[in-house]
Amino acid sequence: MTAAPQATPHCAVCGAPVASDAPRCPSCGLSRPAAQGGSVLGRHGLWTIGAVLLAVYVVVLLIVAAAK
Ligand SMILES: [Zn+2]
């Protein structure tokens, strides 16, 4: 059990504490793509999922309307 899971993330390679918004580890220089573009990628993925769901919804509506 951890008291604060997202308080201070640690480097997966050297284990040094890394700031959550740091693009790379200050100790070993490991690139952290999750922190660097995670929010942008997540936002983009969220919009993509919304667009796909909307497209599926429209296609289903068209199929149901055409079946009648
Ligand atoms: Zn490191």
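Here are three short exercises on a predicted model, each with a worked solution.

**Exercise 1.** Work out what the secondary structure of the chain comes to, and what share of the residues is buried.

*Solution.* Start with the elements: there is one helix, and the strand count is zero. Next, turn to burial. The chain has 68 residues, and buried ones make up 3% of them. Finally, look at contacts with a separation of 6 or more: residues 24 or more positions apart account for 0% of these.

**Exercise 2.** Place D21 along the chain and decide whether it is buried or exposed.

*Solution.* First, find the helix: α1 covers 33–67, and D21 sits in the segment before it. Now count neighbours. D21 has 10 other C-beta atoms within 10 Å. The cut-off for exposed is 12 or fewer, so D21 is exposed. As a last step, take the C-alpha distance from D21 to R32: it comes to 9.4 Å, with the two residues 11 apart along the chain.

**Exercise 3.** Do the same for C11, then list its contacts beyond four places in sequence.

*Solution.* C11 is also found in the segment before α1. Its C-beta neighbours inside 10 Å number 18. Buried would need 20 or more and exposed 12 or fewer, so C11 comes out as partly exposed. Now set aside the neighbours within four places in sequence: C11 then touches A16, V18, C25, S27, C28 and L30, going by the contact criterion. R32 turns up here too, with its C-alpha atom 8.6 Å from that of C11, although 21 residues separate them along the chain.

Terms used:
Residues are numbered from 1 along each chain as its sequence is written. This is a predicted model: local features need pLDDT of at least 70, side-chain atom pairs count only at pLDDT 80 or more; totals for chains, interfaces and linings use all residues. Helices (H or I, at least four residues) and strands (E, at least two) are DSSP runs, numbered from the N terminus. Two residues are in contact if their C-beta atoms, placed from the backbone, lie within 7 Å.
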